[in-house]
Amino acid sequence: MIADRTPPVAPEVTLLATEASAAVTRFDAELGREIAPFASILLRSESASSSQIENLSSGAKQIALAELGSREKRNATAVVGNVAAMEAAIALADQRDPESILAMHRALLEGTEPDIAGRWRTGPVWIGGTGVGPHGADYVAPVAERVPALIDDLVAFTGRADILPLVSAAVTHAQFETIHPFPDGNGRTGRALVQAMFRSSGLTRNVTVPVSAGLLADTGRYFATLEAYRRGDVTPIVEVMANAALSAVANGSRLVADLRSVNAAWNERVGVRRGTAARRLLDVLLRQPVIDARTTAVELGIAPGNVGRAIAPLVDAGILCEFTGFGRNRMWHAKEVTDALDEFAARAIRRG
């Protein structure tokens, strides 16, 4: 139980966490002045990175297709579930109770594993070893009967105002992973919980800082810090989380700059006046780089019969490319956006 305990963090790591907290708040404030469409882009990037930690990798184009309802790629569908979990975490950031954690998990898995979505586990779980039993496992989580009380204790800890927010988020995440309250989806739910902690503490107000992209740089070390936490050493997970936050700010800033450059180039290439549907579609493409006629009509608030007039100038300018080859149910792709998102993901790994 940790509700009444103060995490013993090394002084130099406390200073690092303070520096990282300031960087996160500064990044959030800078983007707060022009939040759309970067809020959704960064949230999707965090969700994709969190999924990739669990070896659920998917390209930006496939994720965008899955958001339109495609179920061709299971990993992309899983990432979209993670987006929903992140959205639920942020929406419920001030609620901080067991029901909000269940809601995050339900949003994560209801599309892929509905039988376990939003329910505490009722049996044993372990990490490593084999699927037969916990013999040789790296870690065996507490028995299922203890989960509700442990979650209540964790929620009480999250309400502490005497702990540095980033330290609190790191410890909350590590304790959550130690409890391992679900049969599956613990890592992704736990990283969504970090975003909820950032939002509820005021570290962020406008955007999702893609901390999971920072953790991707060295997943082995990240997992090792969770093992150290279970042995009673709190400092490593705080250090890794702080460094991940600093890396996320740098990588996220680069992504935003790249997308600003793409948008500026688009506006120079499109030969239509401001305020037209074609111009307004450019902003939609930054957050939804794969579109179909229905999505375009809904996003722009225009009649389906007028969609062609919005899309055609962007096709002529080389911004959009139709990729289905169909006569009906056609889709268009803004490759420059998905290239920037894929490069963001690649940079996250290269930083290791």
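# A guided tour of the chain

Among contacts between residues at least 6 apart in sequence, 68% join residues at least 24 apart. Keep that in mind as you turn the view, and remember that this is a predicted model.

**The whole chain**

Start with everything shown as a cartoon. You should find 15 helices and five strands. The C-alpha atoms fill a box of roughly 60 × 45 × 35 Å along the principal axes. How does the radius of gyration fit a compact globule? For 352 residues, such a globule would have a value near 20 Å, and the chain has 21 Å, so the two agree.

Now switch on the surface. The accessible surface of the chain is about 15400 Å², and carbon and sulfur atoms account for 51% of that. Of the 352 residues, 55% count as buried. If you like to colour by charge, the chain has 37 positive and 39 negative charges, and their mean positions lie 6 Å apart.

**Stop one: Q288**

Select Q288, in the loop that runs from α12 (277-287) to β3 (290-292). Is this loop residue buried or exposed? Its relative accessibility is 10%, under the 20% cut-off, and therefore Q288 counts as buried.

Show the side chain and look for two backbone oxygens. The side chain of Q288 reaches the backbone oxygen of V290 at 2.7 Å, and it reaches the backbone oxygen of A64 at 3.5 Å. Next, add the surroundings: leaving aside neighbours within four places in sequence, Q288 is in contact with R44, A64, E67, L68 and T295. A64 thus appears both in this contact list and as a partner of the Q288 side chain through its backbone oxygen.

**Stop two: E72**

From A64, follow the chain along α3 (60-67) into the loop that leads to α4, where you will find E72. With a relative accessibility of 68%, E72 counts as exposed. To place it against α3, draw a distance to Q62: the two residues are 10 apart in sequence, and their C-alpha atoms are 8.7 Å apart.

**Stop three: two positive phi angles**

Most residues other than glycine have a negative phi. The next two selections go the other way.

Select R96 first, in the loop between α4 (74-91) and α5 (98-109). Its phi is near 35 degrees, a positive value in a residue other than glycine. R96 is partly exposed, at 34% relative accessibility.

Then jump to N329, in the loop between β4 (321-322) and β5 (331-333). N329 is not a glycine either, yet its phi is positive, at about 55 degrees. How exposed is N329? Its relative accessible area is 69%, over the 50% cut-off, so N329 counts as exposed.

**Stop four: R347**

Move on to helix α15 (residues 335-350) and pick R347. This arginine is buried, with a relative accessible area of 6%. What does R347 touch, leaving aside neighbours within four places in sequence? Show N251, R254, L255 and D258, which are in contact with R347.

Zoom in on N251 to see a polar contact of 2.7 Å between its side chain and that of R347. Then draw a line from R347 to R254: they are 93 residues apart in sequence, and their C-alpha atoms lie 9.9 Å apart in space.

**Stop five: T225**

Select T225, in helix α10 (residues 219-230). T225 is buried, with a relative accessible area of 4%. Add P236, I237 and V240, which T225 touches when residues up to four places away in sequence are not counted.

**Last stop: G129**

Finish at G129, in the loop joining β1 (126-128) to β2 (137-140). Its relative accessible area is 46%, and G129 is partly exposed. Leaving aside neighbours within four places in sequence, G129 is in contact with H135, G136 and A137.

Before you close the viewer, zoom out and draw one more line, from G129 to P304. How many residues separate G129 and P304 in sequence, and how far apart are they in space? They are 175 residues apart in sequence and 54 Å apart, C-alpha to C-alpha.

Methods
Residues are numbered from 1 along each chain as its sequence is written. This is a predicted model: local features need pLDDT of at least 70, side-chain atom pairs count only at pLDDT 80 or more; totals for chains, interfaces and linings use all residues. Side-chain values use heavy atoms; hydrogens and water are left out. Helices (H or I, at least four residues) and strands (E, at least two) are DSSP runs, numbered from the N terminus. The radius of gyration is taken over C-alpha atoms; the globule rule is 2.2 Å times the number of residues to the power 0.38. Buried means under 20% relative accessible area, exposed over 50%, partly exposed in between (1.4 Å probe, protein chains only). Contact means heavy atoms within 4.5 Å. Accessible areas come from the Shrake-Rupley method with a 1.4 Å probe; for residues, only the protein chains shown count as cover. Lys and Arg count as positive and Asp and Glu as negative; His and the chain ends are not counted. The place of a charge is taken as NZ of Lys, CZ of Arg, CG of Asp or CD of Glu. A polar contact is a pair of N or O atoms within 3.5 Å; within protein, one must be able to donate a hydrogen and the other to accept it, and residues adjacent in sequence count only if both atoms are side-chain atoms.
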